[in-house]
Every structure is written in C-alpha cells, then in structure tokens.
Amino acid sequence: MTVATPFLRILEDPPLVRMEHPMALAPPPDAKSRTPRLLTVKRAWRLTPNMIRVTFGGPELAGMPAGREGANCKILLPAPGQDRAAFAAQLQSGPRPVTRTYTVRHFRENDLEMDIDFAIHEPAGPATAWAKAAGPGRFCGFSGPGPTKLTQYVADWYLVAADMSALPVAAATLEAMPRDAKGVAIFEITEEADRQNIQVPPGIAVHWHIHPNPHRPSVAQETFIRGLDWPSGRIQTCIAGESGVIQALRTFLHKEKALPREDTYISGYWKIGLIEDEHQKVKRLDAKA
Ligand SMILES: Cc1cc2nc3c(=O)[nH]c(=O)nc-3n(C[C@H](O)[C@H](O)[C@H](O)COP(=O)(O)OP(=O)(O)OC[C@H]3O[C@@H](n4cnc5c(N)ncnc54)[C@H](O)[C@@H]3O)c2cc1C
C-alpha cells in the first residue's frame, strides 16, 4: 500500500525517538512497519486493577517485524461511534486521527497476535477511554514499531525504573536481558495488586513502590535511586515515566553520576496536567534548547 499523505508521514518520522534513545542501534523499521495498519481487537482484559491488556489479532499483523517487544508504536484512535470503513478511509487519506504513543508488550508472530498494555488513569484521555471500551471486534490504527530501546546488553549493572505507563518497556527490557544480568529494578504502581509477574533475571533486585495518585508528583523513585550502592563498572539504564520524575533522574544520572548518554535510555512518557500532544511539543522544544 502506498502512503503519501502528509499526516501519515508525520507518524512515520521518528526523529524524537532517535534523539532520546542513543542506544537504539537497530536498523530503522522496515517499510511495512511505516504503513498504519487497521488492527482488530481479539480480546481485552484487566491484567491488574489499573492496567488493561489489549490483544490484537488477525492478518493485518502479517509482516510485522518480530523481536520489537519494548519498542514504541503509535495507536491511532477512531472517533467515538466511527465505523470501520470510515476509519479505514481516514487512515488512508486523513485527517490524522487522535494519536497516542504505546509500547509493544508481546508479539506472537506465529499466532499473529500482539499485546499492548494500557495504564488506566482518570480522567481518561482518548486512548484510556478506548482501552476501557475495547473488546473483540473493536479496531484502531497502528503505526510502527520503532527500534527497541536497548539492543545490546553490555552492562556490569543495570538500573531499570518505571511507573505504570513504562511497565511495558521495563518488563520487555528485563525479559530480554541476559539471564546472568545484575542490577536493580524499581516500579512505581498505583496499588499493590498492580504488581506484575515479570521474568526478571535472578541477579536483578526488584522493588515495588505504591503511589496511589499519579497526578501528584512523586519523589520515591529518585530517593530510592539516590540511596543505592552504586557499583563500579559499566551501567546501562532503562528508565521512563512521568516527566517531572524523569527530569530529576536525568539530571542525577548525567550531571551527578556522569553516566554517558549512550548508556542511558531515559524518557518522559507523560506529564502531569498535559495531554500527549502538548507533552510532545514540550519535549520537542526541550530537545532544541
Ligand atoms: C515512548 C512511549 C511509550 C509509551 N508506552 C505506554 C504503554 O505501553 N502503556 C501506557 O499505558 N502508556 C504508555 N505511554 C504513555 C501514554 O502515551 C500516555 O499516558 C498518554 O498520555 C495516554 O493517552 P490518553 O489519551 O489516555 O491521555 P491524554 O489525553 O494524553 O491525557 C489526558 C490526561 O491524563 C493524564 N495522563 C496521561 N497519562 C497518564 C498516566 N500514565 N497516568 C496518569 N495520568 C496520565 C495527562 O496528564 C492528562 O491530564 C507511552 C509514552 C511514550 C512516549
């Protein structure tokens, strides 16, 4: 399918991703992954009280690159009540639908199934509202995936930190690590029952913190990370979550700990008080400054 409309080119263009992810050494997504797909929900359920897992399935996933668990993707949302044919036409010729950024959690190539985990927050934005209503037969657009965050696991010690929005990238990264990896993972979740069963290497110590109201700034991750015994040797990070938390941690890692940027994946996934489009604008301005 040839796609030439300007709004789709915007979705294809990953410059921010490239700038933020200096460890992303994988080749750019293939041409097929640049074409928005019209995906169909196979099932959707509460993985934990504040996380909905949506499994997409069907032939529209044929040709999707495998091994991109943890990579970004764009979810393009139909307008409430919009029928499939009208949405398919909009994907082809615009205008650009409401779009949000998510993470490929699992892709089962042989079954043509993909999971995306949606952290649930209130008041719900359009992506959260869509996920809450998702069930078999519902549809959305999908663009991506981009490259994975850590493509080479070369550290003596790993630091992983995530809130609910970044649990998918953190979990995928931990599951892809060599089984003899050592380090620390810290997760900030909304309630105790949001703990997930992640296949973490035995040498990674996992800590769960409860932060019931994500709209209030949290210093728990920063306090915890500052208090760690930092070993010598090469360190790699996979850290993402609310922008204020990330800003403080970025300063700590780069300025105080002098970790090289090419070893630190650290990214703001959302910002208190801003919808994603506003947050992306702020990130672009920050990147230029
Ligand atoms: C690279 C990348 C990968 C991401 N992967 C995932 C993923 O796999 N799963 C996931 O759940 N999220 C992920 N996110 C975060 C997700 O894109 C944002 O949370 C997005 O704002 C959700 O869209 P929305 O339509 O629900 O809310 P918006 O319309 O964007 O925002 C509505 C309101 O909700 C607030 N808000 C947004 N996100 C949250 C949150 N997580 N908790 C509390 N309040 C929030 C906003 O500040 C705003 O006030 C990712 C973000 C990036 C940049």
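Visitor: Domain bounds here come from an automatic or database domain assignment. So which domains supply the shell around the ligand?
Guide: Domain 1 (6-143) and domain 2 (157-288) each put in at least three residues. Keep in mind that this is a predicted model: local features need pLDDT of at least 70, side-chain atom pairs count only at pLDDT 80 or more, and totals for chains, interfaces and linings use all residues. Numbering runs from 1 along each chain as its sequence is written.

Visitor: OK, how many residues surround the ligand, and which are closest?
Guide: The count is 26, and the closest are T103, A119, H121, G125 and T128. A residue is near the ligand if its C-beta atom, placed from the backbone, lies within 6 Å of it.

Visitor: Which elements give two or more of those?
Guide: Strand 4 (98-103), strand 6 (113-119), helix 4 (126-133) and strand 12 (264-270) do. Strand 4 has the largest share, with four residues. Helices (H or I, at least four residues) and strands (E, at least two) are DSSP runs, numbered from the N terminus.

Visitor: Switching topic, where are the cis peptide bonds at P95 and P123?
Guide: One runs from G94 to P95, with omega near 0°, and P95 is in the loop between helix 3 (84-93) and strand 4. Another joins E122 and P123, with omega about -5°. P123 sits in the loop between strand 6 and helix 4.

Visitor: What about phi at L112?
Guide: Phi of L112 is near 50°, a positive value in a residue other than glycine. L112 lies in the loop between strand 5 and strand 6, as does D111.

Visitor: Why does D111 count as exposed?
Guide: Because D111 has 11 C-beta neighbours inside 10 Å. The cut-offs are 20 or more other C-beta atoms within 10 Å for buried, 12 or fewer for exposed, and partly exposed in between, with C-beta atoms placed from the backbone. L112 counts as partly exposed because it has 17.

Visitor: And A258, what's its phi?
Guide: Phi of A258 is near 55°, also positive. A258 is in the loop between helix 7 (243-256) and strand 12, and it counts as exposed because it has 7 C-beta neighbours inside 10 Å.

Visitor: Last one: what's the average pLDDT?
Guide: The protein chain averages 89, and 88% of the residues score at least 70. pLDDT is the predictor's confidence in each residue, from 0 to 100. Over residues 1-33 the pLDDT is below 50. Where pLDDT is low, the predicted coordinates should not be read in detail.

Methods. Contact = placed C-beta atoms within 7 Å.
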